Amino acid sequence: MNKIKYLKKANDDVISFCSCNDGLISYPAQADCPWCGCGWLFTCKSCRKPFTFAECIEVESTYEKIAKDDLTNLLRRDISEEEIAEWVKEMKEILTNAEVGKTYIIMDGKLIDKDQSGIKFEGWFAKHDLGKLPQIEAVKNPEIIHEKLTNESYWRDNETERTDRFGIRILRR
């Protein structure tokens, strides 16, 4: 079987409700309320519980198999080949720069090396300009979680305008 690079739960730092043996991530299921955790926590594909840090590893599998497992567990129905292909395409894009042995956080749809600083990007919901990653700061000071990550005002104040495929503004409120 092929070996692919993928992410699994790295540790129990900050927030970790998953206790699965493999702890492989699911596709980031960010909703329009990223402050709830969906915008900054990974989710286990098996138990669907969140955790903060994921490590890039090699697994003996295929992206298609992981996609089918993840989508079946999430949707509880038969999954089409088109759904699997879309999941694989998007997950490969998220994992493009992931390196085996490194630990990552997820922030608003972007995979970021935990050691990175001076992060500036436009995510799925908002624009971010972060000196340090709040998840890393929260290891020593859990109050940081409330200042940015779970702070709805932080996300709303930095929210970007989105449009649908016809150019019509998507309202999220």
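Among contacts in the chain between residues at least 6 apart in sequence, what percentage join residues at least 24 apart? In this predicted model, the figure is 60%. The legends below start with the whole chain and then move in on single places.

**Figure 1. The whole chain, with its 5 helices and 10 strands.** Welcome to the overview. The radius of gyration is 16 Å, close to the 16 Å that the globule rule gives for 173 residues, so the chain is as compact as a globular protein of that length. Along its principal axes, the C-alpha trace spans about 45 × 45 × 25 Å. Of the 173 residues, 43% count as buried. The accessible surface comes to about 9,800 Å², and carbon and sulfur atoms account for 46% of that surface.

**Figure 2. The largest nonpolar core, a set of 29 residues.** Look here for Tyr6, Leu7, Ile25, Phe42, Trp87, Leu95 and Leu111, the residues with the most contacts inside this core. At least two core residues come from each of β1 (3–9), β4 (54–60), α1 (63–75), α2 (81–94) and β5 (103–107). Which element gives the most to this core? That is α2, with 5 residues. A second core, separate from this one, has 20 residues, including Ile15, Ile105, Met107 and Ile119.

**Figure 3. Ile25 and the residues around it in the largest core.** Setting aside neighbours within four places in sequence, Ile25 is in contact with Tyr6, Leu7, Phe42, Thr43, Lys45, Phe51, Ala54 and Met91. Among these partners, Tyr6, Leu7 and Phe42 are also listed with Ile25 as having the most contacts inside the largest core.

**Figure 4. Gln135, a buried residue of helix α3.** Helix α3 covers residues 134–140, and Gln135 is found in it. Is Gln135 buried or exposed? Gln135 counts as buried because its relative accessibility is 0%. The side chain of Gln135 reaches the backbone oxygen of Ile106 at 3.3 Å. Not counting residues up to four places away in sequence, Gln135 touches Val14, Trp40, Thr52, Phe53, Ile105, Ile106, Met107 and Leu149. Two of these, Ile105 and Met107, belong to the second core.

**Figure 5. Cys20 and Cys47, two cysteines without a bond between them.** How many disulfides does a search of the whole structure find? The search finds 0. As a reminder, a disulfide is a covalent bond between the sulfur atoms of two cysteines. For Cys20, the nearest cysteine sulfur is that of Cys47, 3.7 Å away. That separation is too far for a bond, because a disulfide calls for sulfur atoms within 2.5 Å. Cys20 counts as partly exposed at 25% relative accessibility, and Cys47 counts as partly exposed at 26%.

**Figure 6. Val14 and Arg76, two residues with positive phi.** Most residues other than glycine have a negative phi. Val14 has a phi near 65 degrees, a positive value, and lies in the loop between β1 and β2 (42–43). With 29% relative accessibility, Val14 counts as partly exposed. Arg76 has a positive phi of about 55 degrees, although it is not a glycine. Where is Arg76 found? Its place is the loop between α1 and α2. Arg76 counts as exposed, with 66% relative accessibility.

**Figure 7. Thr150, in the loop between α4 (144–149) and α5 (152–157).** At 30% relative accessibility, Thr150 counts as partly exposed. Its side chain makes a polar contact of 3.4 Å with the side chain of His146. Leaving out residues up to four places away in sequence, Thr150 touches Trp35, Trp40 and Ile145. Trp40 is touched by Gln135 as well. Thr150 and Cys33 are 117 residues apart along the chain, while their C-alpha atoms are separated by 9.5 Å.

**Figure 8. Asp113, found in strand β6.** Strand β6 covers residues 110–113. Asp113 counts as buried, with a relative accessibility of 15%. Which side chain shares a polar contact of 3.4 Å with that of Asp113? The partner is Lys102. Apart from neighbours within four places in sequence, Asp113 is in contact with Lys102, Thr103, Tyr104 and Leu133.

Notes
Residues are numbered from 1 along each chain as its sequence is written. This is a predicted model: local features need pLDDT of at least 70, side-chain atom pairs count only at pLDDT 80 or more; totals for chains, interfaces and linings use all residues. Side-chain values use heavy atoms; hydrogens and water are left out. Helices (H or I, at least four residues) and strands (E, at least two) are DSSP runs, numbered from the N terminus. Buried means under 20% relative accessible area, exposed over 50%, partly exposed in between (1.4 Å probe, protein chains only). A polar contact is a pair of N or O atoms within 3.5 Å; within protein, one must be able to donate a hydrogen and the other to accept it, and residues adjacent in sequence count only if both atoms are side-chain atoms. Contact means heavy atoms within 4.5 Å. A nonpolar core is a set of buried Ala, Val, Leu, Ile, Met, Phe, Trp, Tyr and Cys residues joined through side-chain atoms within 4.5 Å. The radius of gyration is taken over C-alpha atoms; the globule rule is 2.2 Å times the number of residues to the power 0.38. Accessible areas come from the Shrake-Rupley method with a 1.4 Å probe; for residues, only the protein chains shown count as cover.
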